[in-house]
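Visitor: I'm new to reading protein structures, and I keep wondering where the descriptive words come from. Could you show me one and explain how each word is earned?

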Amino acid sequence: MNYVSAENLSKSYGVKVLFKNITFHVNEGDKIAIVAKNGSGKSTLLKILMGKEIADGGEVVINKDIQVVLFDQEIDFDPKLSVEEFMMTLDSAPILALKKYHHALTSENPDDMETALAEMEIHKAWDLENEMEQILSQLKITDLSAKMGTLSGGQIKRIALAKLLTETRAEHRHTLLIMDEPTNHLDVEMVEWLENYLSKAKITLLLVTHDRYFLDAVCDKIWEMEDGNLYLHNGSYATYLENKMIREDNLNSTIDKANNLYRKELEWMRRQPKARTTKSKSRQDDFYETEKVAKTDTRKETLALDFEMKRLGNKILELRDINKSYGEKVLFKDFSYQFQRGEKVGIVGKNGAGKSTLLNIIQGFVPKDSGEIETGETIKFGYFAQKGLTYKEDERVIDFIKEIGENFPLANGKTISASQFLRLFLFDDQTQYSPISKLSGGEKRRLHLMYILYQNPNFLIFDEPTNDLDLPTLTVLENFLQNFQGSLIIVSHDRYFMDRIVDHVLAFEGEGKIKEFVGNFSEYRENLKNEEKNPKVETPKVEKVEVPKETPATVVTNQPAKKKLSFKEQHELETIEKEMPKLEEKRAGILEQLNNESDYDKISKLSSDLETISIKLEEFETRWLELQE
């Protein structure tokens with residue numbers, strides 16, 4: 001069944017063309033992700049399908065037998081309504097039947113209950129209330145009496161998501177569900193639940209998301225919007241990347257051929273007299289078409305983030321016995337951690353567990369209850385916060401950046417201007433001289449990121465950096481952070497982003513507990529699932545029993561006798577016990593050198609040596625334990 005058909009759809013804002021003459025179809029059961037850089041027209045296309053905006057040209061036909069439901073980033077609500085009242089504002093027959101049933105429960109008129117029961121039966125609404133409660137529970141919405149105006153932005157978005165999913169389940173009509181960045185403001189458990197819910201649900205879905213794991217798990221088609229065109233890909237995110245690479249290679253080959261032809265045709269054009277024959281006029285028209293292809297610029301501006309970082313000293317950052325509570329809620333208790341040079345730490349946990357509070361305590365924005373924080377003298381923090389940019393009304397993009405400085409230092413000793421730096425972040429000359437207030441949400445986030453990096457920090461602190469950043473920006477940011485020589489703390493629910501960047505995880509487990517895990521995010525989650533499947537059984541305490549003196553005490557053991565080591569195993573054990581202290585000494589020496597080294601090449605070599613020694617030590621320790629047992 002065809003849901004939506006669009007033919008030769010076009011949309012521009014002034015001189016900026018978002019898309020031109022694009023054609024697509026959405027069929028029942030399709031689960032489609034739209035991928036594009038910010039400002040390419042993703043959200044505009046969704047609004048056209050919703051009837052909230054009008055296309056400049058082309059035609060959109062939506063099947064009259066379907067309903068289109070949008071989950072937008074901007075939520076409209078009455079702040080005076082309770083959560084329950086907001087959920088019940090759904091305009092669908094099953095919800096109206098449920099509301100009548102609730103009214104009938106307190107009504108003194110017996111006819112009300114009879115009518116309500118009949119409508120509940122007709123609209124199959126008996127299971128709806130239970131499904132609604134389950135969705136609210138999974139999204140951690142427990143206080144249904146709370147007023148909407150008192151809730152945080154993240155809570156409002158989760159409630160709106162619950163309402164949307166309830167509406168989709170309540171309607172027995174065919175539904176096209178359109179979702180714009182649904183994973184923003186959701187913690188990892190909620191994202192995984194939503195991912196599982198949407199992947200199994202028999203729905204038709206059009207999705208905009210920056211979460212690549214979510215995209216791969218839920219969608220089977222990808223629409224790529226680039227340079228005003230729409231490219232359709234069947235398959236995973238990896239398939240899309242492969243197709244994109246092949247297309248760009250083919251385009252470059254076509255341009256090379258056109259350039260050769262263009263040179264020959266240009267020579268012919270210059271030789272021709274002013275009077276044109278019909279035949280030469282036709283060739284002249286062909287020349288202009290060839291010129292257009294030959295002059296196509298396929299070079300993509302990329303974020304070439306190779307800056308001269310301020311040198312890190314011996315001391316980085318050390319937290320000792322940090323405590324923080326709000327009333328009876330303990331966020332962390334006696335937490336200690338020493339950050340190393342170049343360490344990339346990911347902080348995870350449920351919303352409200354204290355992740356952002358720890359970042360603010362580290363930087364002195366929020367007072368700690370007790371404990372000590374020692375920050376190195378050379379440390380310069382760069383903080384990318386959730387709250388976004390603070391700027392003057394009508395302030396232009398270029399002026400905002402120039403407040404920091406006219407030029408930016410590069411690693412090669414040269415500098416680039418603020419305008420050149422902006423172009424690296426995909427801000428063209430026209431946008432640079434536009435007010436910040438005119439930028440899209442994603443463009444403001446990109447400007448915020450650039451503003452932080454332009455200050456040249458050596459210790460980056462990112463609080464949910466991936467929200468509203470497009471995939472091209474995210475990919476280049478990830479590549480940069482992998483090579484960043486300074487220290488880094490990231491709070492993020494983006495599993496793909498965390499897997500690519502972090503090498504340590506601090507997990508906020510609630511009740512003041514913070515667990516340290518060495519590895520990336522997926523490894524931490526896998527370890528957590530294994531622990532849940534195979535919980536450690538605590539050894540029960542055995543009370544001491546006094547034995548009467550007249551009774552001879554006999555000690556009985558059920559433990560099997562330890563197996564005696566062979567000669568070869570004994571020799572191996574002795575060798576390990578000799579080599580381990582030597583490796584420990586080498587490791588300490590390398591750490592000392594790293595603390596005093598500023599040359600990036602030497603740091604890279606020392607880091608590689610440190611990793612080799614650490615792996616060998618881990619192997620020795622594992623084997624030593626095996627032999628001891």
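Visitor: How do you know that strand S19 and S20 are paired, and in which sense?
Guide: Two strands pair if there are at least two bridges between them. Strand S19 (residues 504-510) and S20 have six bridges, in the antiparallel sense, so they pass that cut-off. One of the matches is Gly510, whose bridge partner in S20 is Lys513. Do keep in mind that this is a predicted model.

Visitor: What sheet do they belong to, and what makes a strand an edge strand there?
Guide: They sit in an open sheet of six strands, in the order S14-S17-S18-S12-S19-S20, and the pairing is mixed. Strand S14 (381-384) and strand S20 (513-518) are called edge strands, as each pairs on one side only. On average, neighbouring strands in this sheet are turned by 15° against each other, ignoring direction.

Visitor: Which helix packs on this sheet, and what would you call its direction compared with S14?
Guide: Helix H15 (residues 441-454) packs on the sheet and touches S14 and strand S17 (459-463). Its direction makes about 175° with that of S14. Angles over 145 count as roughly antiparallel, so H15 is roughly antiparallel to S14. There's also helix H16 (residues 471-483), which lies across strand S12 (344-349), S17 and strand S18 (487-491) and runs at about 145° to S17.

Visitor: Why is H3 described as roughly perpendicular to H5?
Guide: Helix H3 (residues 93-106) and helix H5 (residues 128-138) pack at about 100°, with axes 10 Å apart. The range for roughly perpendicular is 65 to 115, so that is what H3 is to H5. From H3, the contact uses Pro94, Ile95, Leu98 and His102, while H5 brings Leu128, Glu129 and Met132. Sorted by class, that gives five nonpolar residues, one polar and one charged.

Visitor: What makes Ser419 buried?
Guide: Buried means under 20% relative accessible area. Ser419 has 18%, so it counts as buried. You'll find Ser419 in helix H13 (residues 418-424). Leaving out residues up to four places away in sequence, Ser419 touches Ile398, Asp429 and Gln432. Over the whole protein chain, 44% of the 629 residues are buried.

Visitor: Why is Asn21 called partly exposed?
Guide: Partly exposed is the class between under 20% and over 50%. Asn21 is at 46% relative accessibility, so the label fits. Asn21 is found in strand S2, and its phi is near 55°, a positive value in a residue other than glycine.

Visitor: How do you know that Asp321 is partly exposed?
Guide: Asp321 is at 42% relative accessibility, so it falls in the partly exposed class. Asp321 lies in strand S10 (residues 317-326) and has a positive phi of about 50° although it is not a glycine.

Visitor: Back to S2, then: what makes it an edge strand?
Guide: There is an open sheet of three strands in the order S2-S1-S4, with antiparallel pairing. Strand S2 (16-27) pairs on one side only, and so does strand S4 (57-62).

Visitor: How do you know that S1 pairs with S4?
Guide: The cut-off is at least two bridges. Strand S1 (residues 2-13) and S4 have five, in the antiparallel sense, so they count as paired. One example is Ser10, whose bridge partner in S4 is Gly57.

Definitions and conventions. Residues numbered from 1 in each chain as written. Predicted model: local features only at pLDDT ≥ 70, side-chain atom pairs only at ≥ 80, totals over all residues. Heavy atoms only, no water. Helix = DSSP H or I, 4+ residues; strand = E, 2+ residues; numbered from the N terminus. Buried < 20%, exposed > 50% of the residue type's maximum accessible area, 1.4 Å probe, protein only. Contact = heavy atoms within 4.5 Å. Axes fitted to C-alpha atoms, helices over the stretch in contact; angles between N-to-C directions. Parallel < 35°, antiparallel > 145°, perpendicular 65-115°, else oblique. Nonpolar A, V, L, I, M, F, W, Y, C, P; charged D, E, K, R; others polar.
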